[in-house]
Structure formats: structure tokens, C-alpha cells
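Hello,

Here is the structure I promised to hand over. Please look through it first; my notes follow below.

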Amino acid sequence: MPYTIRLRGEAFLAALRKARFFSDYSLAREMQVNRSTVTRVLAGHLQPGPAFIAGALTALAPLTFDDLFTIEKVPPATDTPGTGRRRTTTRRPTPRRRNPAVGS
């Protein structure tokens with residue numbers, strides 16, 4: 001079973017308050033990552049990658065990896081129908097047709 005790194009949300013937010021980082025922008029600048037990366041990781045939409053982890057450990061020193069992150073097993077993916085996955089298609093615009101009643 002594969003593993004992933006997850007952010008310890010409450011501990012991370014407490015460390016941010018203690019270090020006086022009150023905006024994603026100021027934290028991202030200190031971590032030297034994009035602000036959207038910070039926002040997406042904090043919201044849980046993105047798993048922390050190497051740049052985020054290294055930046056967090058640098059910006060929030062002397063905290064350690066174990067203070068801010070956890071390693072978890074990833075459950076196996078199920079590819080059975082009805083798992084909530086939606087198929088999306090790109091919608092193409094319909095071409096405009098000329099009206100033969102109107103002069104060209």
C-alpha cells in the first residue's frame with residue numbers, strides 16, 4: 001500500500017499564529033512558494049510537495065517534520081462503477097447557420 005504526506009492542519013495553523021503569519025501571502029513569501037500553493041494545501045485541495053515541506057520547515061523553524069506533517073497509508077483506489085467519478089466532456093460551440101431568407 002502506498003504512502004502520502006499529509007499536513008497536520010491544527011498544529012500547522014497554531015504554528016502560523018505563533019510565528020505571526022496572518023496571511024497566505026506572507027507565509028508563501030517566507031516559504032518561497034506560490035501563494036496559491038499555500039492556499040490549496042491549507043484548504044486540503046493539494047497534498048504538500050517537497051517545496052512546500054522544505055519551505056514550511058524553514059519558515060517555521062525550530063519545528064520539525066513530525067510537528068507539522070504525518071505519513072499515512074493511501075487506501076487502494078476502487079475502479080468500480082458508481083464511485084462518484086463523473087465523466088466530463090469539452091463542449092464545443094455550435095456553428096452559426098446562415099438564414100437563406102436574409103440576403104447575403
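**Backbone outliers**

Arg20 sits in the loop that links H1 and H2. A caution before going on: this is a predicted model. The phi angle of Arg20 is near 65 degrees, which is positive although the residue is not a glycine. Most residues other than glycine have a negative phi. Is Arg20 buried or exposed? Its relative accessibility is 62%, so Arg20 counts as exposed.

Gln32 also calls for a look. Its phi is near 60 degrees, again a positive value in a residue other than glycine. Gln32 belongs to the loop between H2 and H3. With a relative accessible area of 71%, Gln32 is exposed.

There is also a cis peptide bond, between Ala61 and Pro62, with omega at about 15 degrees. Most peptide bonds are trans. Pro62 lies in the loop that runs from H4 to helix H5 (65–68).

**Overall layout**

The protein has 5 helices and 2 strands. Read from the N terminus, the order is β-α-α-α-α-α-β. Of its 104 residues, 22% are buried. The accessible surface amounts to about 8,700 Å². Carbon and sulfur atoms hold 52% of that surface.

Contacts in sequence terms: take those with a separation of 6 or more. Of these, 60% join residues 24 or more positions apart.

**The core**

In soluble globular proteins, nonpolar side chains tend to be buried together. Here the largest nonpolar core has 18 residues. Phe12, Met31 and Phe52 have the most contacts inside this core. Four helices each give at least two residues to the core: H1 (9–18), H2 (24–31), H3 (35–43) and H4 (50–59). Which of them supplies the largest share? H4 does, with 4 residues.

Phe12 is worth selecting in your viewer. Setting aside neighbours within four places in sequence, Phe12 touches Leu7, Leu27, Leu42, Phe52, Ala56, Leu60 and Leu68.

**Helix H4**

The buried residues of H4 are Phe52, Ile53, Gly55, Ala56 and Ala59. What covers them? The cover includes strand S1 (3–7) and strand S2 (69–73). H1, H2, H3 and H5 are also part of the cover.

One residue here deserves its own note. Gly55 is in helix H4. Gly55 counts as buried because its relative accessibility is 5%, and the cut-off for buried is under 20%. Gly55 and Arg29 are 26 residues apart in sequence. In space, their C-alpha atoms are 9.5 Å apart.

**The H2–H3 pair**

Two packed helices are described by the angle between their axes and the distance between the axes. For H2 and H3, the axes come within 8 Å. They cross at roughly 115 degrees. H2 and H3 are therefore roughly perpendicular to each other. Their crossing is right-handed.

Which residues meet at this pairing? H2 brings Asp24, Tyr25, Leu27, Ala28 and Met31. H3 brings Arg35, Val38, Thr39 and Leu42. Two of these names recur above: Leu27 and Leu42 are both in contact with Phe12. Met31 recurs too, as one of the residues with the most contacts inside the core.

That is the full set of notes.

Best wishes

Note on methods: Residues are numbered from 1 along each chain as its sequence is written. This is a predicted model: local features need pLDDT of at least 70, side-chain atom pairs count only at pLDDT 80 or more; totals for chains, interfaces and linings use all residues. Side-chain values use heavy atoms; hydrogens and water are left out. A nonpolar core is a set of buried Ala, Val, Leu, Ile, Met, Phe, Trp, Tyr and Cys residues joined through side-chain atoms within 4.5 Å. Buried means under 20% relative accessible area, exposed over 50%, partly exposed in between (1.4 Å probe, protein chains only). Contact means heavy atoms within 4.5 Å. Accessible areas come from the Shrake-Rupley method with a 1.4 Å probe; for residues, only the protein chains shown count as cover. Axes are lines fitted to C-alpha atoms, for helices over the stretch in contact, and angles run from 0 to 180 degrees between N-to-C directions. Angles under 35 degrees count as roughly parallel, over 145 as roughly antiparallel, 65 to 115 as roughly perpendicular and the rest as oblique. A crossing is left-handed if the near helix is turned anticlockwise from the far one by less than a right angle, and right-handed if clockwise.
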